[in-house]
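This report describes how a ligand is placed in a protein model and then turns to the ionic pairs of the chain. Please read it alongside the sequence and the coordinates.

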Amino acid sequence: MSAESNPRMHAGNGLEGISIGPSEIGLVDGENGQLIYRGHDAEVLVRENCFEEVAYLLWTGRLPNEAERQELRDTIFAAMRHVSDDQSILNTLNPEAIPMDSVRSAISAWGATRHLDEGGTLADAQAALGAIAGSVALLGARRAGVTPGEIKADDSVARAYLRVMNGAEPTDAQVGALDAYLVLTAEHGMNASTFTGRVIVSTASDIGSGLVGAIGALKGKLHGGAPSHVSSMIDEIGTPENAEPWLRDKIEKKERLMGFGHRVYKTYDPRARALGEVAERLGENDERLALARHVETTALELLHEYKPDQRLYTNVEYYAAAVLETIKLDPGLYTPTFAVSRTAGWTAHMLEQIQYPRLIRPQVDYVGPMPS
Ligand code: ACO
């Protein structure tokens, strides 16, 4: 029955403002624009720690010492190398397919070969991070038609990822920018994909299944699929003069501007601020960044003009696009790269869910007909 023919049907509240319970992993303070990972401000972590240290923090509640960080890198690199040796994973990495579909299938194949047990362990989470990083990097090399680069023992995850993907040595600036992106997008509370992962493991399923579901949820443009749309929006706008008429036309047609608005942040997204600074520091494409800044200012003015009550601000995806563009990442791999970073947060939440097991099982209000 359609919404028109049943007046009791409506969109629902999208579970807005509903807590699924306590968590020690991350705080998204939407009013004050602050993001905390296990007691650490993400804007400080991004200056002082690399991605794998932050993943360790999310999983265990503390930052690793040097030996623990190296052990973690070794585990992640072993899982990254495994991807190129395992035909069942390799067969899913079709350069012609929708990239997120390939990544989802690769993780499904990885789960099948690892024989994951009910629930999950820290070792599963670490191997999962390597499996997804290896899959996306190899997919990138296949899409670009290059021979994947080798991982070196003293690499960071960001450096290994770029070298495998591009078949060439990345610059320090590119590694630093990718690392900052990975840190800032590693965890974000009870977003749609993290919730999906927690629901799946709450049934006593396994981390691989949780990841497959989370990747599927991240794929949509209302969640992780936005940054490549931000890049195409800026491409289409093309010049500063065209920004206002182009954006006004979209808003009047009731289309959404990608990279703006957020379910939780009712102020400027702190991740957008930090990534904007990273893009500025990289300074590799100043003209493009100046256009992005101009489009942002114009979009914010227009959103406030048309929707004064909505408190719409720039979200992480807007400057994620700027950073990923500057490191010359294939736009088809923006969302898969987001899946790599978010695997840290997803698996931390899955491990927490497993530790305090409770089947997540909400309900729905039946408004359909009853038997006569
Ligand atoms: N452009 C134009 N209008 C918008 C936008 C936008 N980007 N975002 C929200 N609005 C408007 C809606 O049209 C609606 O207006 P109306 O009441 O006049 O119809 C109002 O604001 C509220 O919209 P909701 O859909 O209820 O807001 P919600 O909190 O559910 O939306 C979302 C959050 C999905 C992110 C939304 O802001 C959006 O679609 N943004 C664009 C896509 C995007 O950037 N996604 C990445 C999000 S960040 C991440 O997930 C990592």
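## Ligand site and salt bridges

The ligand sits in the largest pocket of what is a predicted model. Around the ligand there are 20 residues, of which Arg256, Leu257, Gly259, Phe260 and Asn315 are the closest. Sorted by character, the residues of this shell comprise nine nonpolar, six polar and five charged ones.

Polar contacts between the ligand and the protein include the three listed here, in which both side-chain and backbone atoms take part.

| Residue | Protein atom | Ligand atom | Distance |
|---|---|---|---|
| Phe260 | polar backbone atom | nitrogen | 2.8 Å |
| Arg263 | polar side-chain atom | oxygen | 2.9 Å |
| Asn315 | side-chain N or O atom | oxygen | 2.8 Å |

Taken alone, the ligand would expose 930 Å², and the protein buries 76% of that area. Phenylalanine 260 and asparagine 315, which both appear in the table, also belong to the closest residues of the shell named above.

Turning from the ligand to the protein itself, how many salt bridges does the structure hold? The count is 25, and one of these salt bridges joins aspartate 101 to lysine 219, with 2.9 Å between the closest N and O atoms. This pair links distant parts of the chain, since its two members are 118 residues apart: aspartate 101 belongs to helix H5, which spans residues 99-114, whereas lysine 219 lies in the loop that runs between helix H10 (207-218) and helix H11 (226-237).

Note on methods
Residues are numbered from 1 along each chain as its sequence is written. This is a predicted model: local features need pLDDT of at least 70, side-chain atom pairs count only at pLDDT 80 or more; totals for chains, interfaces and linings use all residues. Side-chain values use heavy atoms; hydrogens and water are left out. A residue is near a molecule or strand if one of its heavy atoms lies within 4 Å of it. A polar contact is a pair of N or O atoms within 3.5 Å; within protein, one must be able to donate a hydrogen and the other to accept it, and residues adjacent in sequence count only if both atoms are side-chain atoms. Accessible areas come from the Shrake-Rupley method with a 1.4 Å probe; for residues, only the protein chains shown count as cover. On a 1 Å grid over the protein atoms alone, a cavity is a set of points where a 1.4 Å probe fits but cannot get out, and a pocket is an open set with protein on both sides within 12 Å along at least five of seven lines; lining residues have an atom within 4 Å of a point. A molecule sits in a cavity or pocket if more than half of its atoms lie within 2 Å of its grid points. Ala, Val, Leu, Ile, Met, Phe, Trp, Tyr, Cys and Pro count as nonpolar, Asp, Glu, Lys and Arg as charged, and the others, Gly among them, as polar. A salt bridge is a side-chain nitrogen of Lys or Arg within 4 Å of a carboxyl oxygen of Asp or Glu. Helices (H or I, at least four residues) and strands (E, at least two) are DSSP runs, numbered from the N terminus.
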